[in-house]
Amino acid sequence: LARSPAAQVRSAAELIEHEMGVRERSKRARLYRKAAFPQVKSFDDYDFSQVAFPDGYGPDDLMSLAFVDAAQDFVFHGQTGRGKTHLAIAVGNACVQAGRTVRFFTTAQLVLMLVKANRDHALEAMFKDLARAELLVLDEFGYVPLDIEGARLLFQVMSDCYEKRSVIVTTNIEFSKWGVVFGDDKLASALIDRIMHHGRLVEFGGSSKRMENALML
């Protein structure tokens with residue numbers, strides 16, 4: 001039986017809606033693969049009570065993701081186990097959900113990849129790949145010492161992000177010690193200037209959430 005014009009229109013609309021849904025899910029899956037989060041975290045039930053934001057800025061501002069459009073940066077600073085990585089991944093996850101491109105690395109992992117790319121004459125291609133991200137998350141900055149080559153390559157990546165894309169750095173190293181990490185005080189100072197020009201320092205206090213969770217088991 002021939003369907004009415006109205007039924008044909010509804011059928012076509014349903015088909016288009018289904019196709020758009022399939023494309024959106026495929027895009028989201030690609031973004032998650034590209035982000036390479038070690039695990040997926042969200043803002044749900046995140047405890048902000050021990051997180052100190054700069055004056056005039058708060059959790060709602062962060063969760064709005066407006067900082068990504070403005071290419072602004074964050075340094076999440078605090079001792080191990082205070083929830084820095086969880087929040088950084090939650091921000092990245094929200095970006096992916098919003099259709100944005102995110103890359104997540106431990107700092108040591110990224111440096112190893114950069115050094116290898118440099119030695120394989122593939123550094124330019126890697127820089128171009130990283131430049132496609134709207135948000136770059138560098139976890140555990142300062143946990144592993146950097147040699148001269150690694151420090152300069154990392155500096156180049158972070159410096160290239162300036163006013164182009166957002167960076168979130170999680171670290172337990174205060175700014176005064178970044179020169180030790182890079183092995184060069186001037187390099188560290190120049191990088192801090194770039195990050196904090198449009199960036200914000202967020203301090204994580206309280207006790208270790210990992211220790212608290214372990215004690216609850």
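This section describes helix packing, an internal cavity and a loop residue in a predicted model.

Two packed helices are described by the angle between their axes and the distance between the axes. In the first pair considered here, helix 5 (residues 107-119) and helix 6 (residues 123-131) have axes that come within 7 Å and cross at roughly 140 degrees. That angle makes helix 5 oblique to helix 6. Helix 5 contributes L110, M113, L114, A117 and N118 to the contact, and these residues meet L123, M126, F127 and L130 in helix 6. By class, the contact of helix 5 with helix 6 comprises eight nonpolar residues and one polar residue, with no charged residues.

Helix 5 also packs against helix 7, at an angle of about 100 degrees and with the two axes 9 Å apart. Angles of 65 to 115 degrees count as roughly perpendicular, and helix 5 and helix 7 are therefore roughly perpendicular to each other. On the side of helix 5, the contact involves T107, L110, V111, L114, V115, N118 and R119. Their partners in helix 7 are E149, G150, L153, L154 and V157. The contact of helix 5 with helix 7 contains seven nonpolar, three polar and two charged residues. L110, L114 and N118 of helix 5 take part in the contact with helix 6 and also in the contact with helix 7.

A further pair is formed by helix 7 (residues 148-160) and helix 9 (residues 185-197), which pack at an angle of about 20 degrees with their axes 10 Å apart. Helix 7 and helix 9 are therefore roughly parallel to each other. Their crossing is left-handed. From helix 7, residues A151, R152, F155, M158 and S159 make the contact, together with L187, A190, L191, R194 and I195 of helix 9. Sorted by class, the residues of the contact of helix 7 with helix 9 are seven nonpolar, one polar and two charged.

Rolling a probe the size of a water molecule over the atoms shows where empty space is left. In the whole structure, the search finds one cavity of 30 Å³ or more. The largest cavity has a volume of about 40 Å³. Its lining consists of D73, M158, C161, Y162, V167, R194 and I195. Of these lining residues, five are nonpolar, two are charged and none is polar. M158, R194 and I195 in the lining also belong to the contact between helix 7 and helix 9.

Q72 lies in the loop between helix 3 (66-69) and strand 2 (74-78). Although Q72 and S166 are 94 residues apart in sequence, their C-alpha atoms are 5.1 Å apart in space. When neighbours within four places in sequence are left aside, Q72 is in contact with F67, S166, V167, H198 and R200. Among these partners of Q72 is V167, a residue that also lines the largest cavity.

How values were computed. Residues numbered from 1 in each chain as written. Predicted model: local features only at pLDDT ≥ 70, side-chain atom pairs only at ≥ 80, totals over all residues. Heavy atoms only, no water. Axes fitted to C-alpha atoms, helices over the stretch in contact; angles between N-to-C directions. Helix = DSSP H or I, 4+ residues; strand = E, 2+ residues; numbered from the N terminus. Parallel < 35°, antiparallel > 145°, perpendicular 65-115°, else oblique. Contact = heavy atoms within 4.5 Å. Nonpolar A, V, L, I, M, F, W, Y, C, P; charged D, E, K, R; others polar. Left-handed = near helix turned anticlockwise from the far one by under 90°. 1 Å grid on protein atoms, 1.4 Å probe; cavity = no way out; pocket = protein on both sides within 12 Å on 5 of 7 lines; lining within 4 Å. Points joined across faces, edges and corners; volume = space filled by probe spheres on them.
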